[in-house]
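Me: I'd like to go through some labels used for this model and ask what each one rests on. Could you take them with me?

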Amino acid sequence: MTVTALDSVQVTQKALAPAVYIVGAGPGDPELLTVKAQNILQQADVILYADSLVPKAMVKLAKPNAEVIPTSTQTLEDILPVMIERVRSGLSVVRLHSGDPTLYGAVHEQMQALAAADVPFEIIPGISAFQAAAAKLQVELTVPELVQTIILTRTSGRTNVPATEELASLAAHKASLCLYLSARHIDVAQKKLLKHYAAETPVAICYRVGWPDEKICIVPLHQMAEATESQKLIRTVLYMISPALEGHQSEARSRLYHPDHDHLFRP
Ligand SMILES: C[S@@+](CC[C@H](N)C(=O)[O-])C[C@H]1O[C@@H](n2cnc3c(N)ncnc32)[C@H](O)[C@@H]1O
């Protein structure tokens, strides 16, 4: 028996076909799991989960006889044969990733290997850290006439960012910029961002959004690195640099619900 989070939503309950389900777990709060993800977790025969970023509460949804495998100490070479073998034995396998799997989820190489092995897979999207952070901050990242673009990026670390996506050049857009995986290099990032954003531009430093030890603070851009270091934040931090964080000072409003604006559903 599966549970739906929303009583009013009719959810199709089909038995899970043998396949790998690459599921987004959201940022940490178990209630931010989608209904589809929850149903699949409850039915899966095998769950492999990134235990460094996914709370244990989510794997407690597993059925009693499910095989649950934490993967934080494993390589892709350890994980792949398990997934392939289980699906070939007729079992359903969940690969549970934090946030949305398509963002910094290392799923590209997994999908290539699964396709090469002729193992079917499906991606179930999740709520990414930037969305959870914006919700906690009660901010719209696209305030009309102030900012209409969101950039999701990171600094180079052990993974290099292509030269065409250099942070200083992205900063030139002065968009709502969400910086993932960057706490260890935040002093370099701050210098690059200051080439275009004003020093007083608000930055939200969002640590472990949705977890019991969540910490969120807003500082001016020129204090971003210092605030990170003084709080000893080195991982699971999402930085949001955006004019929208001072958006309450803007009188701009969207045309969508404006009385002077007609459209198909409100002629
Ligand atoms: C390997 S990436 C995974 C991103 C994930 N797929 C997503 O969509 O949010 C890990 C990075 O995501 C960000 N992150 C993930 N969960 C977070 C959370 N709960 N609070 C703040 N940042 C988070 C941090 O920048 C962290 O370094």
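Me: What makes the meeting of the K63 and D45 side chains a salt bridge?
Reply: In this predicted model, the N to O distance between the K63 and D45 side chains is 2.8 Å. The cut-off is 4 Å between a side-chain nitrogen of Lys or Arg and a carboxyl oxygen of Asp or Glu, so the pair qualifies.

Me: Why can one say that the pair of K63 and D45 ties together parts that are apart in sequence?
Reply: K63 lies in the loop between α2 (56–59) and β3 (67–70), while D45 lies in the loop between α1 (35–43) and β2 (46–49), so the pair joins parts 18 residues apart in sequence.

Me: And why does K63 count as partly exposed?
Reply: Its relative accessibility is 25%. Buried would need under 20% and exposed over 50%, so a value in between gets the middle label.

Me: How do you know that K136 and E214 form a salt bridge?
Reply: By distance again: their side chains meet at 2.8 Å, N to O. The pair links distant parts of the chain, with K136 in helix α5 and E214 in the loop between β8 (202–207) and β9 (215–220), 78 residues apart.

Me: Which label do K136 and E214 get for accessibility?
Reply: K136 has a relative accessible area of 46% and is partly exposed. E214, at 26%, counts as partly exposed too. Partly exposed runs between the 20% and 50% limits, so both values fit.

Me: What about R208 and D213, where the side chains meet in a salt bridge: is R208 buried or exposed?
Reply: R208 is buried, with a relative accessible area of 16%, because the buried label applies under 20%. D213, at 36%, counts as partly exposed. Their salt bridge has an N to O distance of 2.9 Å.

Me: How many salt bridges does the rule give?
Reply: The count comes to seven. There is also a network of salt bridges that links E67, E85 and R86.

Me: Let's turn to S128. Why is S128 called buried?
Reply: Its relative accessible area is 3%, and buried means under 20%, so the label follows. S128 sits in the loop between β5 (121–124) and α5 (129–137).

Me: What makes the pairing of the S128 and Y180 side chains a polar contact?
Reply: The distance is 2.5 Å. N or O atoms have to be within 3.5 Å, with one able to donate a hydrogen and the other to accept it, so this pair passes. Leaving out residues up to four places away in sequence, S128 touches G99, D100, L103 and Y180.

Terms used:
Residues numbered from 1 in each chain as written. Predicted model: local features only at pLDDT ≥ 70, side-chain atom pairs only at ≥ 80, totals over all residues. Heavy atoms only, no water. Helix = DSSP H or I, 4+ residues; strand = E, 2+ residues; numbered from the N terminus. Buried < 20%, exposed > 50% of the residue type's maximum accessible area, 1.4 Å probe, protein only. Contact = heavy atoms within 4.5 Å.
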